[in-house]
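Let's walk through this one as a round of questions and answers. Here's what we'll be looking at.

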Amino acid sequence: MAAIYALLSAFSYGCADFLGGYSSRKNPPAAAVAWSQAAGLAAVLIAAPIIGSESVLLPDLLWGIAAGISGAMGVLFLFTGLSRGMASIVSPLAALSGAVIPVIFGLAIGERPPLLTWMGIAVALPSILLLSLESNDGGKTERSSLILGLTSGFFFGGFFILISQSSDASGMWPLAAARIATVPLFAAATGIMGRSLKLARGTRRVTILSGVLDMAANVFYLLAFRGGYLISAVILTALYPAPTVLLQRAVIGERLSAMRVSGLVLSIAAAALIGIGG
């Protein structure tokens, strides 16, 4: 069941990423993040009481706040890179480093998944890279792209690690705490930068849906981690570029390169191996 939750998380993240990328090209990145975070907060405040919890302690909420700030920073750096046309470097670096960092952490805390899972991880890492590769950005600054991509991935990895420190008994309330902290943070950041929180015409629904799907992905990830290994949950969740690629093909008719087709095939193989391995 943990593998299914992780794959649902990947699907939700991929859809959110596709919609968020569209919004970030039409709006200031901080404004797009602020609106998507607010939509995610509304969604989790509805979901948390339904899912229920046994007990929520202060440390659980603090871990949630720290994770929320880390994840939101990751989204901000990613959206910034995408809005500047740096997807060919930013996206693969963010996806890959965001997966590798939690795997290293999982090993450090003593996780030892079975051999099949490791085989799946070995297949998943190159698939993430192949799926995330974009066409050339037309000469954009590579150093800036590298910094944005690695920074985004670092914060994404931080989210996966930090939220996993909350107790199982706390339910989804750490995710609610995460959004309660980040919504005013990004609203204030948008104001400080002198940008309007008003979204461009035709992007409000897309931005809100992106935030709801992002929160759904967080919920599925938390359920996946609590039902299995952190390493397995992170790697399967990190396959989120696969649904993004499929949506780009289905919605905007983007041609699938040989690399991306290879990435899709490898991602399916990786999901199968990790799912069987546990």
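Q: Which helix gives the most to the largest nonpolar core?
A: Keep in mind that this is a predicted model. The largest nonpolar core holds 39 residues, and V44, F159, I163, M172, L175, Y221 and I235 touch the most other members. With seven residues, the top contributor to this core is helix α8, residues 204-226.

Q: Which residues does M172 touch, leaving out those up to four places away in sequence?
A: M172 is one of the core members that touch the most others. Once residues up to four places away in sequence are set aside, the list for M172 is V44, A48, I51, V219, L222, L223 and R226.

Q: How many residues are in the second, separate core?
A: Nonpolar side chains tend to be buried together in soluble globular proteins. Here a second core sits apart from the big one, and among its members are A30, L78, A94 and F156. Its size is 14 residues.

Q: Is S170 buried or exposed?
A: You'll find S170 in the loop between α6 (142-163) and α7 (173-192). Skipping neighbours within four places in sequence, S170 is in contact with S53, S55, V56, D60 and R226. Its relative accessible area is 0%, and the cut-off is under 20%, so S170 counts as buried.

Q: What helices are included in the cover over the buried residues of α11?
A: Helix α11 covers residues 258-277, and its 20 residues reach 28 Å from first C-alpha to last, close to the 28 Å expected at 1.5 Å a residue. Its buried residues are R260, G263, L264, S267, A270, A271, L273, I274 and G277. An α-helix has 3.6 residues a turn, so residues three or four places apart point the same way. What covers the buried residues of α11 includes α1 (2-26), α5 (115-132), α9 (230-237) and α10 (241-252).

Q: What is the radius of gyration of the protein chain?
A: The chain has 11 helices and zero strands. Its C-alpha trace spans about 45 × 45 × 30 Å along the principal axes. The globule rule gives 19 Å for 278 residues and the chain comes close to that, so it is as compact as a globular protein of that length, with a radius of gyration of 18 Å.

Q: What share of the exposed area do carbon and sulfur atoms supply?
A: Buried residues make up 50% of the 278 in the chain. The chain exposes about 12100 Å², and the part supplied by carbon and sulfur atoms is 70%.

Definitions and conventions
Residues numbered from 1 in each chain as written. Predicted model: local features only at pLDDT ≥ 70, side-chain atom pairs only at ≥ 80, totals over all residues. Heavy atoms only, no water. Core = buried A, V, L, I, M, F, W, Y, C linked by side-chain atoms within 4.5 Å. Buried < 20%, exposed > 50% of the residue type's maximum accessible area, 1.4 Å probe, protein only. Helix = DSSP H or I, 4+ residues; strand = E, 2+ residues; numbered from the N terminus. Contact = heavy atoms within 4.5 Å. Expected span 1.5 Å × (residues − 1). Rg over C-alpha atoms; globule rule 2.2 N^0.38 Å. Areas by Shrake-Rupley, 256 points an atom, 1.4 Å probe, with all protein chains shown as cover.
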